[in-house]
Structure formats: C-alpha cells, structure tokens
Amino acid sequence: MTTPDTPAALEARAVEAYGAGEFEASVSAWERLYDVQTAAGEPVDAARAAAMVAINLLCETGLMAPVRGWTARAKRSLGDAPAGPVHALLAIVAAYERFLSGDPESALEPALEAVELGQRFGVAPAQGLGRTALARLAIHAGDVDRGIAMLDELAADLEAGAFDPLTTGNVYCELICAAQWVGRHDRAREWTETMDRWRQGRAFGGTNGRCRIHRAELLRVSGPAAAAEEEALAACVELRPWMRREFGWPLVELGNIRLLRGDLVGAEEAYLEAHERAWSPQPGLALVRLAQGRADVAEEMVRGEIEYPMEVPWKERPPFGDLRLAPLLAARSEIAEVRGDRAGADAAAEELTAIQARYPSPGMRATAALARARAALVAGTPHAAVEPAQTAVACWADLGAPYDVATARVVLGHALRGTGAEDLASMEWRSAVAGFREFGAGHRAAAVEVLLGAGEQAPAPSASQAAAPSVSPAEAFLVRSGDRWEIGCRDRRAWVPDLKGVHLLATLVAEPGREFHVLDLAGAGIVEAGLPVLDDEARAAYRRRLADVEDDLAEAERDNDEARRILAERDRDYLMAELSSAVGLGGRSRRSAGTVERARTSVTRSLRYALARISEQLPDLGGHLDAAVRTGTCCSYRPDPVTPLDWRVTN
C-alpha cells in the first residue's frame, strides 16, 4: 500500500530514510514536501522543507550550487514573513555555504545570526553549527586560542546533552575537523574519543562512518597503521550510501594511510577515485610519485596545486587561506630535499614558518621546524639543520606520532652525520627503525637500515665465519585444527580463531612471492552482477541538481562572479560525470564496475583483522607478517630476504 503524500507522512518518510542510509530517498521526500506545502498555500512550511533540503545537501554532498538553489526557494517562499525557526536554519546554511566557498568575511554575519535566532527559537542545528562556525572563523583570523576555547565550551555542552543526536554528531565532527585544521592533534584525539563513546546507541545517519574516519585520521598519526587502514576501509563502506562528492574525503584518508604503509598501488587507486569525484588528491598523489622515483613529476603536481588549487568544499581541511597550503608546503619541502632544490626547500620552509607564527600549535611547529632542517641540509649547512630537526622530533613525540618522529629522526641523522657525529647519527637512525616498525611502515624501516649499513662498518669476518654456511630460514607453521588455527615460529605458538583472514593468510604464505588477484582470493561470493551505479531515484535527483547548477552558473555569469562560476562548474562536472558513468548504450542503466574494489576492500579488511589478532599474541611474528603481507588489487607475501621464514601450512 502506497503511503499518502500528506505533510506528516512525507516528513516521517524523510527522517526514516535518512536513518536507514537512503540519502536520496530522504532528500526526495523533503523536496516532495516542499511541493506539497507550496501547492497547499503554506509558504513557511514550504520554506522549512526547502531549508532541510539545503542542509542535507550542504552536510553530505559538497555541492554548493544546489545548496544555493534551495536556499533561494526557501527565501522566496518566506517572502516578508517575520523571523522564525526557518530563518535560523537559513542563516546557518548561508554561513557554511560562504565559508566552504572560500568567503569567510561574508560568513561572519549569518553565523552570528544563526546563533542568535537558534537560541531565540530553540533551533539546535543553528545554535551548534553557528557556534562552530564562529570558532572556525576566529581560528582563520589567527586567534587560535580563542577559537579553541570556544570549541572547548561547545564540547562541554555536547557532553552535557544540550543538543539532539543528529546535531550532536555533526557538531562533534566539526570540532574534530577544526582541531585538525590547525594541528591540535591533542584536542582532536580527546574529542574523537568522546564522540566514539557518545555514538554508541545514539549516532544517527552517517555519524558512525564519520567517526570512523576521524579514528582513522588519528590512528594515521599514532599508529598502528593496520588499524588505521581497517578503520578507513570501514568508513568508506559505511559512508558510500551517504556522501556524493564529499566521498573524496574518506578516499583521500585511505590513500594517505596506504602511502605511509608503502602500498603505493593501493594509495594511488584511492587518490585517483577521489580525483574522479572532483576532490583534490594532493599532496598525497604527488608523494606517491616521489616514492616511485619521479620527483620532478611530484614537484609539478604540488606546484600546480599551490598555484591553481582545486576548489574543494573541505570541512576537514581549510577550504581557503594559508592553512590550506600547509600540507602542500610540507610535501614540497620533502620533494625539494630529494631533488636537491634549494630554492624550493627555502621557499617551503619560509612559508611554513610564517604560517606557524600565525597559527601556533605543536603540529604546525613540528612541520615548520622539519622544513627548516631540510632546507639547511639542501643548502649544505648540516650544523644549521640539527636544532630544527631536534625540535621536530620533540614536538611529534609529545603528540604521540611515531611515524612522524621517525621521519624527523632520519633528517636529524643526516644532519648529525654531516657534522661528523657518526655515532649520534646511527643512534637516531636505529630509533627511527624502531619507530617505523612500531607504526607498521616496514618499508621505511628497511630503507633506514640501509643507511645504518652504509655508516656502520662491520668487523672483518674470521676465517671460520667466512667459511660458515648462510643461516637457514627459520621454520614457521600455520595449521588448522577444527574451528581454530595454530600458528607459531621457533619456540612461540598460539591459537587463533578460524577467521576468513587466516584462510587468506594461509594461501599467501604457502606461496611466497606469488601475486594473487583479489577476485581469486575473495571467491564467488563477492563476484556478482553488480548493482546499478545510480538507482532511478538517484539519477532523477542528480538531474534536478544539475538544473540548479545551470541556474547558479547563469546567475554567476550575469553577476560577473568568477569564484562562484568556478565552483558551480566543478559541481556540474561532477554531476555530469556521475550521470554519464551510470548510463550505458541506449540509455540503459550501467551496472557497477566496483566488484574489484569491493573484493579488495573485503580481502584487505579480513587480512588486516587476522594479522591484528595474531599480533596480540605473537608480536614478533605479527610484525613480520604486517611488513611482509602486501595488499592491493593483487596480494602477496614477500618476506624480508634477510629474515625469511619457511612456512608449513596445513589447511
């Protein structure tokens, strides 16, 4: 039986669909409610429905032109109506639309209005998001301490239950993003832990997935890397039904984690998928090119993004201003060190130091200090590199960031070796090896061990040593027994459950070096005909939004608003690409080509979960496997030739 299109039924349908993860169905219900209320001669109620469409599009899609279109409909419906709750909703939409479009000056007045009207009429989203916007604007203006204090006060209100669940989830996400903006990883960690406790049984809509991304971001800093990737993959699965263009955010985070782990193929896949969604993959993709030995290409990519930035409505990174440049400049510093580019290294260090002075935080201080150390090394003045490299080590250590500490120690080691302090350099590099291994970046640890080998001359072997045969690989075993597996090496052994990931591991270690495609590993269950790339409801919604974008473009061209025109064109390109990818020959719906990515996600999650369980009981063997198991479109077991294992596998 079809539910009648009464206002109450439509609103209930919108809320229910949102909670079930059916984003397009929820927005369509609000759009239908707007039509029904307009036809019924209820302009204020129609305006409220239009405002809800705008808020949903603002929070979940990253498409600003349709947001402006629905805001305009709401304002037309309101006409000269006195201020009320709908005006509060429109004020917060206006504040964030201007903010995310790179116009912070125009965002201040509507943010203030949102807070005032939200308090007056009891509109929780306007109060919570309005206060967050004001704090972010204070941070952008350089008043970091005041902005963080405002966020602290808001966090206390969230813990006290001052807002409804949907508002609470969105505001927690905003708090964490704002802290990460400015390198306050301590606050981001504190608020993420609080959000994680709060969300149990209360989170609504896409909040669980967003919380997972924040946890992945923090694990990318603190490690272990395997857990970070597991969270990022889970976030991608949970948020795929929710996000549209903004799905580039979890994809970029997944790429960042894979890059640190040395999975260049997997990182590039994630970055390129983000780029397909009109989301900037930089500087991550440039650093992939650097790791591939293509430093000149990496420099071109970063320089291009600095000079011609992709206009992305980031909530997670500043969408404008100097803070947006900080990660790009940090990458440029790293690239310049590899290229021996003194001008590039000096410029990056100078700009990062200026940003740190305006936006002080431990994270920014460490980033700027490391850039100065690299610039000194490129300039051939290692003595001048020692102090800033030590500063970077100390700052990252205070933040609990083992990968970044190890990276800074590598630079410090080069500086010390340049001054002739060979023993001190080796000490830093040995600590770096331990840090990289703790984090789960075995490839970086191996590279530093090469530096240690070049600097530490081993004593000449005795005649008996020279004649001795090479050491045979140690024996390891993985044996299935009923509903569990026994795994061990040398004199250590443990039992692990009969997990899918253990079966996959058995396949890999039985044939070291062999590449297994994920479709072969995943089995028939994952290989299916595929779902439509976009269902009928989503395609219809995209066509409606495309009409809004065309109207926005025409208005921008009429007003000679170049910035707005560029943003609208980005929205149009994204929607056109999504629609064209969803329709095949003769207008038929194209089935998804995402089978490989689903298989990759499933296999990677299963393997990483199994390795984490093994590491809990056998840390040494777990560390070996974490470094030797390669995941991606193809998976393999490639042990370090210096410490090979001879596996006995019984399935």
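Which hand does the crossing of H5 and H6 have? Keep that in mind while you get your bearings.

**Before you start**

What you have open is a predicted model, where local features need pLDDT of at least 70, side-chain atom pairs count only at pLDDT 80 or more, and totals for chains, interfaces and linings use all residues. Residues are numbered from 1 along each chain as its sequence is written, and side-chain values use heavy atoms, with hydrogens and water left out.

**The whole chain**

Show the protein chain as a cartoon: there are 30 helices and seven strands. Helices (H or I, at least four residues) and strands (E, at least two) are DSSP runs, numbered from the N terminus. Of the chain's 651 residues, 55% count as buried. Buried means under 20% relative accessible area, exposed means over 50%, and partly exposed is in between (1.4 Å probe, protein chains only). Take the contacts between residues at least 6 apart in sequence: 63% of them join residues at least 24 apart. Contact here means heavy atoms within 4.5 Å.

**Stop 1: H5 and H6**

Select residues 85–100, helix H5, and residues 104–121, helix H6; their axes are 7 Å apart and the packing angle is about 155 degrees. Axes are lines fitted to C-alpha atoms, for helices over the stretch in contact, and angles run from 0 to 180 degrees between N-to-C directions. That angle makes H5 roughly antiparallel to H6. The cut-offs go like this: under 35 degrees is roughly parallel, over 145 roughly antiparallel, 65 to 115 roughly perpendicular, and the rest oblique.

Now for the opening question: the crossing of H5 and H6 is left-handed. A crossing gets that name if the near helix is turned anticlockwise from the far one by less than a right angle, and right-handed if clockwise.

Show side chains next. On the H5 side, the residues that meet H6 include Ala 88, Ile 92, Arg 98 and Phe 99. Among their partners in H6 are Pro 110, Glu 113, Leu 117 and Phe 121. Sorted by class, the H5 contact with H6 has 14 nonpolar, three polar and two charged residues. (Ala, Val, Leu, Ile, Met, Phe, Trp, Tyr, Cys and Pro count as nonpolar, Asp, Glu, Lys and Arg as charged, and the others, Gly among them, as polar.)

**Stop 2: H8 and H9**

Pick residues 144–159 (H8) and 165–181 (H9), whose axes come within 11 Å and cross at roughly 150 degrees. H8 is therefore roughly antiparallel to H9. Their crossing is left-handed. From H8, the contact uses Leu 151, Leu 154, Ala 155, Leu 158 and Glu 159, while H9 brings Thr 168, Val 171, Tyr 172, Leu 175 and Ala 178. The class count for H8 with H9 is eight nonpolar, one polar and one charged.

**Stop 3: Val 302 and Pro 283**

Jump to Val 302 in helix H16, residues 295–307. Is Val 302 buried or exposed? Its relative accessibility is 0%, so Val 302 counts as buried. Leaving out residues up to four places away in sequence, Val 302 touches Pro 283, Ala 286, Leu 328, Ala 331, Arg 332 and Ile 335. Try a distance label to Ala 331: the two are 29 residues apart in sequence, yet 7.5 Å apart in space, C-alpha to C-alpha.

Pro 283 deserves a click too. A cis peptide bond links Gln 282 to Pro 283, with omega about 5 degrees. Pro 283 sits in the loop between H14 (264–276) and H15 (284–291).

**Stop 4: another cis bond**

Go to Gly 223 and Pro 224, where the peptide bond is cis with omega near -5 degrees. Pro 224 is in the loop between H11 (207–222) and H12 (225–239).

**Stop 5: Cys 489 and Arg 490**

Cys 489 is buried, at 9% relative accessibility. What about Arg 490: buried or exposed? Arg 490 has 63% relative accessibility, so it counts as exposed. Find it in the loop between strands E2 (484–489) and E3 (492–497). Its phi is near 55 degrees, a positive value in a residue other than glycine.

**Stop 6: Thr 631 and Cys 635**

Thr 631 lies in the loop between E5 (629–630) and E6 (634–637), and is buried at 7% relative accessibility. Beyond its neighbours within four places in sequence, Thr 631 contacts Glu 229, Asp 263, Thr 604, Leu 607 and Arg 608. Cys 635 is buried as well, with a relative accessible area of 0%.

How many disulfides does the structure hold? Zero, where a disulfide is a pair of cysteine sulfur atoms within 2.5 Å.
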